[in-house]
Amino acid sequence: LAFANGDRLLVHAKPSSDWWWAELSGVIGYIPASHVCPGGATEEDTSMPDPWQDEEYFDSYGTLQKLHLEMLADRSRTEAYRQVIISNSASLKDKVMMDLGCGTGIISLFCAQLAQPSMVYAVEASSMAEYTKKLVKQNNCEEVVSVLQGRAEEIELPGQVDVLVSEWMGNCLLFEFMVESVLLARDRWLKEGGVMWPSSAALTLVPCQADSYFSEKMHFWERPYGLDFTPLSLAQQEFFTKPKFSYLIDPTDCLSTPCDVIQLDMYTLQVKDLEEMHGHFQFWIDRSGTFHGFTAWFNVDFKSMEPGGTAVQLDTGPHSRPTHWKQTLFMSDRPVSVHEGDSISGSIVLHRNPVWRRHMTVSLHWNINSSSKDASSCQAGTKSFPMWR
Ligand SMILES: C[S@@+](CC[C@H](N)C(=O)[O-])C[C@H]1O[C@@H](n2cnc3c(N)ncnc32)[C@H](O)[C@@H]1O
């Protein structure tokens with residue numbers, strides 16, 4: 001962002017110590033942090049929208065109507081957390097735990113019901129915390145579960161905890177970036193040698209065929225009501241500019257074996273790492289078909305605290321029971337025929353929005369290499385998908 005001596009800039013975000021994201025006269029860009037000095041907030045500054053959109057975000061978690069019902073009714077998800085508590089119950093005895101973003105308190109209640117921790121701090125920023133207190137009382141868990149209403153970044157605890165458990169995952173693993181709150185809480189509240197649940201996470205990708213979605217969005221326009229709609233043919237690509245959330249891929253539409261493209265170690269991951277995450281892939285096509293794009297999903301692992309115990313895994317992919325996250329489809333603009341033995345190599349970048357901190361853009365770059373008997377060819381593609389800003 002170009003600016004001159006004496007200009008008053010509004011700093012939206014400080015993604016690194018060297019470069020900040022700022023605004024001047026409605027234009028937004030990066031500025032070198034060393035060239036500016038802090039000034040006081042003005043009335044104008046404070047009326048700027050919150051880059052975390054916390055009011056809207058926590059309002060949506062403050063009611064039972066949609067999100068909590070959807071999450072609790074997701075048995076794969078909820079049972080995975082329950083299983084973690086059951087299979088670690090011996091090790092949890094007398095431990096102090098934090099359930100970050102406890103919602104209705106389901107995980108905290110599992111802890112109190114199925115293990116014997118000395119204390120579970122159930123932290124919830126939304127007004128749901130009022131109901132959670134009632135649920136804790138109703139289930140006679142008041143001695144073990146203490147509900148704290150507030151943002152995890154701001155609450156105070158009497159001491160550090162042995163276990164930090166949270167259900168923070170969003171679409172495509174990171175969307176909503178609640179993970180940042182978990183990392184900050186880890187650095188402040190987790191004892192040395194303490195346990196993180198989930199302990200690791202991975203984003204998985206597969207090249208796929210999506211015939212029926214493609215037809216639904218594109219073939220309709222071929223000759224609706226006997227009229228020629230071809231001038232709209234370019235505009236039709238609009239359907240594929242954003243990823244499709246809540247997509248359930250049929251396993252037979254996977255053109256290759258899926259592969260983990262981004263892996264997170266929840267013990268070592270840093271907040272600054274979230275700004276830009278890179279992954280690479282090489283897929284071998286194992287069934288001929290039409291390449292329409294890529295489908296993504298995630299899995300998380302909960303390492304065992306028991307000696308020799310096995311980790312619990314929550315897998316949101318097409319080979320497991322569907323979860324409320326389902327999968328995310330990234331459509332390319334042009335279908336390409338692919339054949340068994342072809343390969344698709346490339347890269348993925350998750351670029352966090354420097355202003356709107358819960359959003360990101362997923363950029364995919366790929367090369368389809370074919371070495372059929374008749375001719376060898378290579379087709380490249382590249383596309384960026386905002387989620388949502
Ligand atoms: C995905 S829900 C999980 C709810 C509950 N743990 C469950 O498993 O059903 C995430 C919850 O975390 C809360 N939350 C998100 N960020 C938070 C933060 N920084 N501090 C406290 N609560 C937060 C949200 O309000 C929401 O209720």
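Reader: What makes the pair formed by a backbone N or O atom of G101 and a nitrogen atom of the ligand a polar contact?

Author: The model is predicted. In it, a backbone N or O atom of G101 lies 2.8 Å from a nitrogen atom of the ligand. A polar contact is a pair of N or O atoms within 3.5 Å, so this pair qualifies.

Reader: How do you know that A152 and S181 make polar contacts with the ligand?

Author: The cut-off is again 3.5 Å between N or O atoms. For A152, a backbone N or O atom lies 2.9 Å from a ligand nitrogen. For S181, a polar side-chain atom lies 3.1 Å from a ligand nitrogen. Both distances fall within the cut-off, so both pairs count.

Reader: How much of the ligand does the protein bury?

Author: Taken alone, the ligand exposes 590 Å². The protein buries 98% of that area.

Reader: Which residues come nearest to the ligand?

Author: There are 21 residues around the ligand. R77, G101, E124, A152 and E153 come nearest. To count as near, a residue needs a heavy atom within 4 Å.

Reader: What is the make-up of that shell by class and by element?

Author: By class, the shell holds 10 nonpolar, 6 polar and 5 charged residues. By element, α2 (54-62), α3 (64-73) and α6 (106-114) each give two or more residues. The most come from α2, with 3 residues.

Reader: Where does the ligand sit, and what is the volume of that space?

Author: The ligand takes up the space of the largest pocket. That pocket has a volume of about 980 Å³.

Reader: Why is this space called a pocket and not a cavity?

Author: The test is whether the space is open. In a cavity the probe fits but cannot get out, whereas a pocket is an open set of points with protein on both sides. The ligand's space is classed as a pocket, so it belongs to the open kind.

Reader: What lines the largest pocket?

Author: The lining has 45 residues. Y57, S60, Y61, L67 and E176 lie nearest the centre of the pocket. By class, the lining divides into 21 nonpolar, 13 polar and 11 charged residues. At least two residues each come from α2, α3, β4 (96-100), α6, β5 (119-124) and β10 (244-247). Here α3 gives the most, with 6 residues.

Reader: How many cavities of 30 Å³ or more does the structure hold?

Author: There is 1. The largest cavity holds about 30 Å³ of space. Its lining is made up of N171, C172, A296, W297, F298, W325, K326, Q327 and T328. Two elements, β13 (289-302) and β15 (327-338), give two or more residues to that lining. The most come from β13, with 3 residues. By class, the lining of this cavity has 5 nonpolar, 3 polar and 1 charged residues.

Reader: What makes a cis peptide bond or a positive phi worth noting?

Author: Most peptide bonds are trans, and most residues other than glycine have a negative phi.

Reader: Which peptide bonds are cis here, and where do they lie?

Author: A cis bond joins W197 and P198, with omega about -5°. P198 lies in the loop between β8 (190-197) and β9 (200-208). The bond from M387 to W388 is also cis, with omega near -20°. W388 is in the segment after β18 (376-387).

Reader: What is the phi of N140, and where is N140 found?

Author: Phi of N140 is near 55°. That is a positive value in a residue other than glycine. N140 lies in the loop between α7 (128-138) and β6 (145-149).

Terms used: Residues numbered from 1 in each chain as written. Predicted model: local features only at pLDDT ≥ 70, side-chain atom pairs only at ≥ 80, totals over all residues. Heavy atoms only, no water. Polar contact = N/O pair within 3.5 Å; in protein donor to acceptor, adjacent residues only side chain to side chain. Areas by Shrake-Rupley, 256 points an atom, 1.4 Å probe, with all protein chains shown as cover. 1 Å grid on protein atoms, 1.4 Å probe; cavity = no way out; pocket = protein on both sides within 12 Å on 5 of 7 lines; lining within 4 Å. Sits in = over half its atoms within 2 Å of the grid points. Helix = DSSP H or I, 4+ residues; strand = E, 2+ residues; numbered from the N terminus. Nonpolar A, V, L, I, M, F, W, Y, C, P; charged D, E, K, R; others polar. Points joined across faces, edges and corners; volume = space filled by probe spheres on them.
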